[in-house]
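Grab the model and work through these exercises with me. Try each task yourself before you read the solution.

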Amino acid sequence: MPFTRHSVYEGGGHVPVIVRGEGAYVWDDRGRRYLDGLAGLFTVQLGHGRTEIGEAMARQATELGYFPIWSYAHPRAIELAERLAHLAPGDLNRVFFTSGGGEAVESAWKLAKQYFRITGQPTRHKVISRAVAYHGTPQGALSITGIPEAKAPFEPLVPSTAHVPNTNIYRAPDGLRDDEKAFGRWAADRIAEAIRFEGPSTVAAVFLEPVQNGGGCFPPPPGYLERVREICDEYGVLLVADETITAFGRIGDTFAMSRFGVTPDIITCAKGMTSGYCPMGAMICSDRLFEPFRKGSATFLHGFTWSGHPVGAAAALATLDIFEREGIHAHVREHEEQFRQTLERLRDLPIVGDVRGAGYFYGIELVQDRATRQTLSNEQAERVLRGYLSTALFDHGLYCRADDRGDPVVQLAPPLIIGPPEFDEIEQILRTVLTEAWSRL
Ligand SMILES: Cc1ncc(COP(=O)(O)O)c(C=O)c1O
């Protein structure tokens, strides 16, 4: 199983078997119900059991189950590409389909390299990305990833990546913690510094998530994304927004970058595009990046068998229909503040150091000392986070994630259809389990 300690189950542990889902809830094979606090894996935006999506997929499988889009096309791929281009900000009008986020990240890096190669800047190939950011498991995407432990077993990876600080203001250097704007400026300028250090003529792209998941939901401080855009323009570097998690309503718009008002050169997305009903991803790039591929023998030498799969495209189109019809973005915007306030109530617990995030996407950082922000020791993280918290939350009826890839956090990204009653349920389960976790530290 992916990212799983098999010894737990080899030693007799029970693998939870989830058999059914309805709305924001799933049920296991013992008939127990769980609130899906992570929308599967940041995917099930519209909730479980949407027969409309299943029916659209079945219709498509009957009409045309598969045909590649390698120099061919089919109606659903055309319709979906047009729709995504229309929804994407600025002139991001060119859509390249993948089957997931990691493949989209690979595609973006390869496009950046080939674009520069055929436009007379062949030395531009490096990528700058941020500490603790997760960008996927293929070796290129893993190289861009900023989590040393996830990379170590596979080194050497693809060379040519450099990492800069993320926007975790809770762990900002002294003097910057109380001034979001100054911190944002400082963090953005670390990107400029890295570009200069690497040599601007060697840098192809900056990859970042508008709200970074790894480490527990770091929103961009005011002015940060604008400043990064400026820096990329100044040095002729492409800005790639990895919206694998943040797209499709998670932050209250189809793309978080639109909500933040900054247009990147490329967006990578996946997960919520089909509300998790089918694997589907995309890299969406600007007209400018497509331009050199219009002429002569130029070919983007890249692709996947499943690129633009008809059944996946049908699932995505049905998902986008529901987004529009049910006003999902408006629902998130209307309730996001209440979601935040409900989670903020947990700040009265001594183990809760920080509550941060945006939209329906939050991280709760756990500490052993709130006054000093002292994080859990490795032993505490192992014993309490892994040994207690993950299973206890689940046993109390909340599926979510306790993550210690950076400082320990509980991550929440529920289906976008939930409202105040489910917010309260999440808060109450967290309160019970985090209170007990504190006593076990
Ligand atoms: C920001 C980001 N990029 C890329 C990926 C990789 O996506 P996938 O697992 O679909 O390859 C993820 C997965 O969680 C992600 O969060």
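**Exercise 1. Find the contacts of Ala282, then place this residue in its core.**

Step 1: Skip the neighbours within four places in sequence, and Ala282 is in contact with Leu84, Val95, Phe96, Phe97, Thr98, Ala104, Cys269 and Met273. Contact here means that the C-beta atoms, placed from the backbone, lie within 7 Å.

Step 2: Ala282 is among the residues with the most contacts inside the largest nonpolar core, alongside Ala205, Val206, Ile284 and Ala315, and that core has 126 residues. Such a core is a set of buried Ala, Val, Leu, Ile, Met, Phe, Trp, Tyr and Cys residues joined through C-beta atoms within 7 Å. Buried means that 20 or more other C-beta atoms lie within 10 Å of the residue's own (exposed: 12 or fewer; partly exposed: in between), again with C-beta atoms placed from the backbone.

Step 3: Both domain 1 (6-49 + 327-439) and domain 2 (53-325) give this core at least three residues each; the bounds come from an automatic or database domain assignment.

Before you go on, two ground rules. Residues are numbered from 1 along each chain as its sequence is written. This is a predicted model, where local features need pLDDT of at least 70 and side-chain atom pairs count only at pLDDT 80 or more, while totals for chains, interfaces and linings use all residues.

**Exercise 2. Describe how the two domains meet.**

Step 1: The C-alpha centres of domain 1 and domain 2 are 26 Å apart.

Step 2: Domain 1 puts 30 residues into the contact and domain 2 puts in 24.

Step 3: On the domain 1 side, the elements giving two or more residues include helix 13 (328-344) and strand 12 (361-369). Helices (H or I, at least four residues) and strands (E, at least two) are DSSP runs, numbered from the N terminus.

**Exercise 3. Is Leu430 buried or exposed, and what does Leu430 touch?**

Step 1: Look in helix 15 (residues 420-439), where Leu430 sits.

Step 2: Leu430 has 26 C-beta neighbours inside 10 Å, so this residue counts as buried.

Step 3: Leaving out residues up to four places away in sequence, Leu430 touches Leu346 and Val410.

Step 4: Now check Leu398: 32 residues from Leu430 in sequence, but 8.3 Å away in space, C-alpha to C-alpha.

**Exercise 4. Work out the open sheet with the order 1-2-3-14.**

Step 1: Pairing is mixed across its four strands; two strands pair if DSSP finds at least two bridges between them.

Step 2: Strand 1 (18-22) and strand 14 (398-399) each have a single partner strand, so one side of each lacks a neighbour in the sheet.

Step 3: Strand 2 (residues 25-28) and strand 3 (residues 33-36) run antiparallel, joined by three bridges. Tyr25 has Leu35 in strand 3 as its bridge partner.

Definitions and conventions
Contact = placed C-beta atoms within 7 Å.
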